[in-house]
Protein chains: 2
Amino acid sequence: MNAAIDCPIGVFDSGIGGLTVLRAIQELLPAEPTMYLGDTARVPYGTKSRAVVTRYALNNALFLSRRGIKLLVVACNTASAVALPALTERLQVPVIGVIEPGARRAAEQSQTGVVAVIGTEGTVASGAYQQALARHNASLRVLARPCPLFVPLAEEGWTDHPVTREVARTYLADWVPENLDVLILGCTHYPVLAPAIAQAVGSGVSLVDSATVVAQAVAAQLDQLGLRRQARNVPEDHTFFVTDVPDRFRRVGKIFLGRDLSSVEQVDVPPN
Amino acid sequence: MNAAIDCPIGVFDSGIGGLTVLRAIQELLPAEPTMYLGDTARVPYGTKSRAVVTRYALNNALFLSRRGIKLLVVACNTASAVALPALTERLQVPVIGVIEPGARRAAEQSQTGVVAVIGTEGTVASGAYQQALARHNASLRVLARPCPLFVPLAEEGWTDHPVTREVARTYLADWVPENLDVLILGCTHYPVLAPAIAQAVGSGVSLVDSATVVAQAVAAQLDQLGLRRQARNVPEDHTFFVTDVPDRFRRVGKIFLGRDLSSVEQVDVPPN
């Protein structure tokens with residue numbers, strides 16, 4: 001068993017989208033080993049119930065925890081929205097979700113006092129972003145809406161396509177007169193559709209993507225616990241697990257991670 | 001235990017789409033009790049691997065089989081495409097998939113000799129429709145293509161929407177000059193998008209929807225085995241199981257079944 005400081009940062013997501021978060025962590029913390037789990041056999045989580053998502057999240061977290069991690073990042077908005085209390089209770093290591101860092105950044109950034117959030121059905125219905133924003137600034141006006149077609153459009157690769165622009169307009173155009181100046185991309189797939197989303201809500205609206213702020217939260221947490229590796233020139237040590245066959249994950253994941261994925265291993269994530 | 005003839009017809013699908021097949025069975029065979037299982041905690045199957053879909057299909061089939069059914073209908077194109085041999089081998093009762101009846105109907109119907117199939121990635125990649133069509137008429141020319149955005153569009157309820165027409169054109173317009181006269185809707189969600197699909201492939205193309213032909217195959221199989229109930233005026237006996245909470249299934253399912261769903265029970269489908 002490694003000393004805690006040398007253990008990897010664990011990251012899980014329902015599938016591929018969380019690789020955008022992993023990428024930001026690897027860029028900010030290049031000395032840290034990472035261990036990623038994509039639950040590709042049960043993806044997506046966004047249309048499933050709170051109870052089922054919590055069960056799957058616990059399965060994933062305990063799988064990583066049993067392999068020895070020093071911190072867990074829940075790189076899935078839906079799982080962060082509904083399962084964070086259950087995960088924090090069950091795990092011995094700190095757990096960081098994607099909601100809180102994104103909400104804080106949005107609350108700090110808004111000048112007009114109107115912030116909007118888009119995400120899956122599960123994320124929006126949970127009210128997690130709405131509550132986190134209110135904690136940071138109770139006087140904010142918050143608009144929130146699910147955009148279920150954005151994930152399949154991103155996975156289809158239609159990132160700059162007339163259909164995507166039309167879908168974004170259909171979902172978002174009625175927000176243009178609302179005076180919002182910050183829009184939270186509350187789903188790890190959405191950053192790849194950022195141009196179409198930005199066009200639909202109009203100029204003057206900043207998009208907040210959780211990846212960078214989550215990486216900063218991870219760094220701060222490691223510093224606070226004395227668990228940040230100071231080593232330089234260490235060899236990279238990144239492990240990938242998936243619950244379905246790796247082919248599609250490896251192929252599509254490259255777009256999200258921005259480089260080739262090293263070895264990807266298929267595993268069974270047992271029920272607890 | 002009921003006599004075999006009084007056992008229900010078992011039907012499973014990855015989720016909601018299979019209700020269109022159940023509806024056709026109930027309309028053609030009103031004296032038959034039915035037992036439906038929608039695997040809503042693991043939906044969709046169309047983007048998952050052959051191995052994972054086969055495993056889930058076996059879980060579902062054995063769940064229904066243990067409850068006593070006289071025949072199993074696999075009302076999911078992806079599961080029919082990849083798991084039918086495994087299901088037939090493991091079950092004691094006859095198993096009917098949706099591919100074979102639809103392919104037969106299409107092969108009989110085509111005059112031009114050009115037939116097209118659309119479905120999920122899993123269904124199209126399996127080659128199951130292509131092989132079934134070739135068995136019925138080796139000289140057919142078969143066009144096949146996955147249309148991954150159709151399922152989320154159907155579930156979003158955008159059945160008659162400019163975006164859906166544009167997506168259908170993007171997927172299908174290059175087939176217009178191909179002289180096809182039959183298009184198989186190789187996914188149980190697609191019938192609700194039939195107008196947009198028909199418009200995209202042009203007039204003179206008949207759409208084949210498996211639901212009706214599957215119901216006829218079920219009736220024929222029951223007749224052949226002497227398992228068709230002749231009773232009239234029997235009370236309706238239809239059971240619904242789902243693996244996630246029933247709310248969404250009950251709400252969206254109504255559109256597919258064409259009427260309210262009687263009691264829906266959430267169950268765990270154990271691994272075998």
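Modeller: Two residues are in contact if their C-beta atoms, placed from the backbone, lie within 7 Å. This is a predicted model, in which local features need pLDDT of at least 70, side-chain atom pairs count only at pLDDT 80 or more, and totals for chains, interfaces and linings use all residues. Residues are numbered from 1 along each chain as its sequence is written, while chains are lettered from A and ligands numbered from 1 in the order in which they are written.

Biologist: Which element gives the most residues to the side of chain B that touches chain A?

Modeller: The contact draws 17 residues from chain B and 17 residues from chain A. On the side of chain B, two or more residues come from each of α2 (50-66) and α8 (162-172) (helices, H or I, of at least four residues, and strands, E, of at least two, are DSSP runs numbered from the N terminus). With 5 residues, the element that gives the most is α8(B).

Biologist: By class, what does the side of chain B that touches chain A have?

Modeller: Ala, Val, Leu, Ile, Met, Phe, Trp, Tyr, Cys and Pro count as nonpolar, Asp, Glu, Lys and Arg as charged, and the others, Gly among them, as polar. By these classes, the side of chain B that touches chain A has 10 nonpolar, 2 polar and 5 charged residues.

Biologist: How are the two copies related?

Modeller: Copies are superposed by least squares on the C-alpha atoms of residues with pLDDT of at least 70 in both. Chain B falls on chain A, with an RMSD of 0.0 Å, after a rotation of 180 degrees with 0.0 Å of shift along the axis. The two copies are thus related as by a two-fold rotation axis.

Biologist: Which residue of chain B comes closest to the rotation axis?

Modeller: The same surface serves both copies, as 100% of the contact residues of chain B recur in chain A. The C-alpha atom that comes closest to the axis in chain B, at 2.6 Å, belongs to R42(B).

Biologist: How far apart do the C-alpha centres of domain 1 and domain 2 of chain A lie?

Modeller: Chain A is divided into domain 1 (4-97 + 212-266) and domain 2 (100-210), with bounds from an automatic or database domain assignment. In the contact between them, 23 residues of domain 1 of chain A meet 20 residues of domain 2 of chain A. On the side of domain 1, α1 (19-28), α3 (77-90) and α10 (210-225) of chain A each supply at least two residues. The C-alpha centres of the two domains are separated by 23 Å.

Biologist: What is the radius of gyration of chain A?

Modeller: The secondary structure of chain A comes to 11 helices and 10 strands. The radius of gyration is taken over C-alpha atoms, and the globule rule is 2.2 Å times the number of residues to the power 0.38. For 272 residues, a compact globule would have a value near 19 Å, which agrees with that of chain A, 18 Å.

Biologist: What percentage of the 272 residues in chain A do buried residues make up?

Modeller: A residue is buried if 20 or more other C-beta atoms lie within 10 Å of its own, exposed if 12 or fewer, and partly exposed in between, with C-beta atoms placed from the backbone. L84(A), in helix α3 of chain A, counts as buried because it has 20 C-beta neighbours inside 10 Å. For chain A, the buried share is 52%.

Biologist: How many residues of helix α1 of chain B are buried?

Modeller: The elements that cover the buried residues of α1(B) include β1 (9-13), β2 (34-38), β3 (71-74), α10 (210-225) and α11 (247-257) of chain B. Among the buried residues are L19(B), V21(B) and I25(B). Helix α1 is largely enclosed by the rest of the structure, because the buried residues number 7 of 10.

Biologist: Which residues does V214(A) contact, leaving aside its neighbours within four places in sequence?

Modeller: The largest nonpolar core (a set of buried Ala, Val, Leu, Ile, Met, Phe, Trp, Tyr and Cys residues joined through C-beta atoms within 7 Å) has 183 residues, and V214(A) is one of those with the most contacts inside it. Leaving aside neighbours within four places in sequence, V214(A) is in contact with V21(A), A24(A), V73(A), I96(A), V98(A) and P101(A).

Biologist: Near what value is omega of the peptide bond from V43(B) to P44(B)?

Modeller: Most residues other than glycine have a negative phi, and most peptide bonds are trans. In chain A, a cis bond joins V43(A) and P44(A), with omega about -5 degrees. P44(B) lies in the loop between β2 and α2 of chain B. The bond from V43(B) to P44(B) is cis as well, with omega near 0 degrees.
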